[in-house]
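Me: Got a minute to walk through a model with me? I'd like the plain version.

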Amino acid sequence: MSLESIVQRIRDAFDMLNRRDPGMRLNEPPPAPRPRTDFSTAQTRDAPELGKAGFADEALPWMDAVHRFALRLTNGDTDQAADLVQDTFLKAYRSWHRFEQGTNCRSWLFTICKNTHLRILDEARTRREIAEADLEADVEAMGVLEVHEHAKSRDLDAGVFDRTLDEHVVAAIDALPDEYRDVLVLSDLGDLNYAEISEVVGIPTGTVKSRLFRARRRLQERLIDYAADSGILKDVSA
Amino acid sequence: MKRDMIPCDVVMRRLWAFIDGELDPESADQVHEHLEMCGRCYPRYDFQSAYFRLMERVGTQPLPDELRSRIFASLLAETEQG
């Protein structure tokens, strides 16, 4: 490349810089092609016409700072951080009437950002817990097979339940740990469905299932053992 | 065209939910179809049916007072909220 062409390229570059945003003034944003309310892309310079006085001047200049803060909170996850910044500014805008003019807007935004992040973490943890409860319920559901095998190993069939004494069942239910007894009573004696039990006991339906299935297995095994040990079937059928 | 039957272990995993009436219609049909045909799974279903007959009999007994109170309390709280 010749010296002349290099000089020309530098000149072109200067020309281009000088032509950029010729109408821009410090306190006068250029007209936007259409009003935007997407805060994730809004910049102070081309901020949309916002209905809430002062928000564009006070809050939007802190977008970069909030974004850096969000990146730290999310361990550098750019997608999560972007969502977090968007949520933060959306919430800030909605509750702008609560911001006290003259106080530190940056701190206020950081507080919203931090609280929003904590809420997202809580929601993720709840989703994980529900998924784990469902997985556990799937495992506990196999109790249906295991109690039957247990009955067969003690030479008993379905007749064991037809001949079990009511009062022994009540005693066996009472002997269950509280968290199992409650769901079992509500389901098998109270005829509530999983969703209704979830509401009454205040646990996710996945947990209702895992507790209920475990409770049924424990109760049935106890009744089978009682019938086999006491020889009650022989007495009744004799 | 006849659908393939779902395997026994899937039926076992769904059996309690099937008896509880908590399966979606398609899954319930699959379990039903399997139980009609399977000589291994039907006795397990029969065994559980006997358990639920027993519970129905026992179910005429009143709920424990403490649990009844808790249910009433939760319903009351719901009413006050709503």
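Here is a quick chat about the two chains and how they pack.

Me: What kind of model is this, and what's the small print?
Reply: It's a predicted model, where local features need pLDDT of at least 70, side-chain atom pairs count only at pLDDT 80 or more, and totals for chains, interfaces and linings use all residues. Residues are numbered from 1 along each chain as its sequence is written, while chains are lettered from A and ligands numbered from 1 in the order in which they are written.

Me: How many helices and strands in chain A?
Reply: Chain A has 12 helices and 0 strands. Helices (H or I, at least four residues) and strands (E, at least two) are DSSP runs, numbered from the N terminus.

Me: And chain B?
Reply: Chain B has 4 helices and 0 strands, so its pattern along the sequence reads α-α-α-α.

Me: What share of each chain is buried?
Reply: For chain A it's 29% of the 238 residues, and for chain B it's 23% of the 82 residues. Buried means 20 or more other C-beta atoms within 10 Å of a residue's own, exposed means 12 or fewer, and partly exposed is in between, with C-beta atoms placed from the backbone.

Me: What about contacts in chain A between residues at least 6 apart in sequence: what fraction join residues at least 24 apart?
Reply: 62% in chain A, and the matching figure for chain B is 53%. A contact means the two C-beta atoms, placed from the backbone, lie within 7 Å.

Me: Switching topic: at what angle do H5 and H11 of chain A pack?
Reply: H5(A) (residues 105–140) and H11(A) (residues 205–230) pack at about 25°, with their axes 7 Å apart. That makes the two helices, H5(A) and H11(A), roughly parallel. Axes are lines fitted to C-alpha atoms, for helices over the stretch in contact, and angles run from 0 to 180 degrees between N-to-C directions. Under 35 degrees counts as roughly parallel, over 145 as roughly antiparallel, 65 to 115 as roughly perpendicular and the rest as oblique.

Me: Which residues make that contact?
Reply: On H5(A) they include Ile130(A), Ala133(A) and Ala137(A), and on H11(A) they include Gly206(A), Phe213(A) and Arg214(A). By class, the contact of H5(A) with H11(A) has 4 nonpolar, 3 polar and 5 charged residues. Ala, Val, Leu, Ile, Met, Phe, Trp, Tyr, Cys and Pro count as nonpolar, Asp, Glu, Lys and Arg as charged, and the others, Gly among them, as polar.

Me: Now the interface. How many residues does each chain put in?
Reply: 22 residues from chain B and 25 residues from chain A.

Me: Which helix of chain B gives the most?
Reply: H3(B), with 11 residues on the side that touches chain A. That side of chain B has 12 nonpolar, 4 polar and 6 charged residues.

Me: What's buried in H1(B)?
Reply: Among them are Val11(B), Leu15(B), Trp16(B) and Phe18(B). The cover over the buried residues of H1(B) includes H5, H6 and H11 of chain A plus H2 and H3 of chain B.

Me: Cys8(B) is in that helix too, right at the start of my list. Buried, exposed or partly exposed?
Reply: Cys8(B), found in helix H1 of chain B, is partly exposed, because 14 other C-beta atoms lie within 10 Å.

Me: What does Cys8(B) touch further along the chain?
Reply: Leaving out residues up to four places away in sequence, Cys8(B) touches Cys38(B), Arg40(B) and Cys41(B).

Me: Last one: what comes just after H1(B)?
Reply: Gly21(B), which takes a positive phi of about 70°.
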